[in-house]
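Subject: Handing over a structure

Hi there,

Here is the structure I promised to pass on to you. Please open it in your viewer and keep it beside this message while you read.

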Amino acid sequence: MKPLTDTEYIHILIAEGEHQQQDFKFEISDARKIARTLSAFSNTDGGRLLIGVKDNGKIAGVRSDEEKYMIEAAAQLYCLPEVHYSMQTFHVEGRSILVVQIDESTKKPVYAKDETGKPLAYIRIKDENILATPVHLRVWEQSDSPVGELIQYTEREQLLLDLLEANVSLSLNRYCRLTNIPRRTAEHLLAKFIRFDIIEPVFENHKFYFRLK
């Protein structure tokens with residue numbers, strides 16, 4: 001089979017549009033902002049950045065090597081732990097397109113430092129970078145627990161199951177209000193149910209809810 005030219009390959013990627021594992025960037029002017037995308041890809045399913053491509057898919061091309069330095073700074077200086085990536089330049093219609101590939105991290109969470117230096121973790125949902133909730137952080141925290149660990153159904157666990165069965169979806173705040181249990185305890189229980197594949201987080205109307213699988 002004849003190998004794809006740079007132009008054919010990039011046009012195939014652009015035709016996919018932006019999605020959970022792909023993002024278009026016309027240019028990179030802020031390493032901290034791009035660190036959020038690196039964090040989100042690393043904490044979810046991995047993904048790639050097409051730099052020099054507008055949101056509408058039009059090819060603009062990168063204008064200098066500054067874009068490469070911005071990616072390097074984002075990955076090494078503004079991500080904790082450092083994000084490993086690969087980068088390749090493709091030549092399309094007389095312009096250069098950078099394709100940056102980021103793998104899913106084996107050490108989650110990967111944080112991105114904000115303007116004040118505060119580390120924040122992001123996840124990727126569809127074509128958006130969303131701030132990870134405390135429940136996500138607890139799921140990652142618990143991921144080092146033994147795989148064969150059994151879930152213990154105390155009165156609190158059963159109450160959570162009953163609430164989830166009675167409600168199509170349940171937010172963390174509503175769960176705390178209905179049960180009057182401390183927020184950290186609620187986060188821990190929800191994370192445990194997610195890890196055991198009993199419930200799943202769902203992002204709707206810019207909020208996270210939890211429902212039975």
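Below is what I found in it, grouped by region.

Before anything else, please keep in mind that this is a predicted model.

**The main pocket**

I expect you will want to start with the pocket. The largest one has a volume of about 440 Å³. Its lining is made up of 20 residues, and Asn43, Thr44, Ile123, His136 and Pro201 are the ones that lie nearest the centre. Three elements each give two or more residues to that lining: β7 (119-125), α4 (134-142) and β9. Which of them gives the most? That is β9, with 5 residues. Sorted by class, the lining has 10 nonpolar, 3 polar and 7 charged residues.

**Strand β7 and its partners**

Strand β7 deserves a closer look. With 6 of its 7 residues buried, β7 is largely enclosed by the rest of the structure.

On one side of the pairing story is β6, which runs antiparallel to β7 over 3 bridges. Here Ala112 stands opposite Leu120 of β7. The β6 and β7 hairpin has 5 residues between its strands, and Gly117 takes a positive phi near 90° there.

The other partner is β8 (residues 128-131), antiparallel to β7 and joined to it by 4 bridges. Arg124 has Asn129 in β8 as its bridge partner. This hairpin has 2 residues between the strands, and in the turn Lys126 shows a positive phi of about 55°.

**Helix α4**

Next comes α4, which we already met in the pocket lining. Its buried residues are Val135, His136, Arg138, Val139, Trp140 and Gln142. They pack against α2, β7, α6 (172-179), α7, β9 and β10. His136 therefore appears twice in this tour: as a buried residue of α4, under 20% relative accessible area, and among the residues nearest the centre of the largest pocket.

**The nonpolar cores**

In soluble globular proteins, nonpolar side chains tend to be buried together. In this model, the largest nonpolar core has 24 residues, and those with the most contacts inside it are Leu38, Leu49, Ile51, Ile71, Val83 and Ile102. The elements giving two or more residues to this core are α2, β2, α3, β5 and β7. Its largest share, 6 residues, comes from α2.

What does Ile51 touch, once its neighbours within four places in sequence are left aside? Its contacts are Lys25, Ile28, Val62, Glu67, Ile71, Ser96, Ile97, Leu98 and Val100. Apart from this core lies another one of 20 residues, including Val139, Leu170, Leu172 and Leu190.

**Helix α3**

Ile71 also belongs to the buried set of α3 (residues 66-76), together with Glu67, Met70, Ala73, Ala74 and Ala75. The elements that these buried residues pack against are α2 (31-43), β2 (47-51), β3 (79-80), β4 (85-92) and β5 (95-102).

**Backbone details to check**

A few backbone features may interest you if you plan to look at torsions.

- The peptide bond from Leu80 to Pro81 is cis, with omega near -10°. Pro81 sits in the loop between β3 and β4.
- Lys108 and Pro109 are also joined by a cis peptide bond, where omega is about 5°. The loop between β5 and β6 (111-113) holds Pro109.
- Asp197, a residue other than glycine, has a positive phi near 60°. It lies in the loop between α7 (183-195) and β9 (199-204).
- His206 is another residue other than glycine with a positive phi, near 65°. It lies in the loop between β9 and β10 (207-212). Is His206 buried or exposed? It is exposed, with a relative accessible area of 65%.

**One last pair**

Finally, have a look at helix α1 (residues 6-16), where Ala15 is found. Ala15 is exposed, with a relative accessible area of 68%. The C-alpha atoms of Ala15 and Gly57 are separated by 7.8 Å, while the two residues are 42 residues apart along the chain.

That is the tour. Do write back with any questions.

Best wishes

Note on methods:
Residues numbered from 1 in each chain as written. Predicted model: local features only at pLDDT ≥ 70, side-chain atom pairs only at ≥ 80, totals over all residues. Heavy atoms only, no water. Buried < 20%, exposed > 50% of the residue type's maximum accessible area, 1.4 Å probe, protein only. Contact = heavy atoms within 4.5 Å. 1 Å grid on protein atoms, 1.4 Å probe; cavity = no way out; pocket = protein on both sides within 12 Å on 5 of 7 lines; lining within 4 Å. Points joined across faces, edges and corners; volume = space filled by probe spheres on them. Nonpolar A, V, L, I, M, F, W, Y, C, P; charged D, E, K, R; others polar. Core = buried A, V, L, I, M, F, W, Y, C linked by side-chain atoms within 4.5 Å. Pairing = 2+ DSSP bridges.
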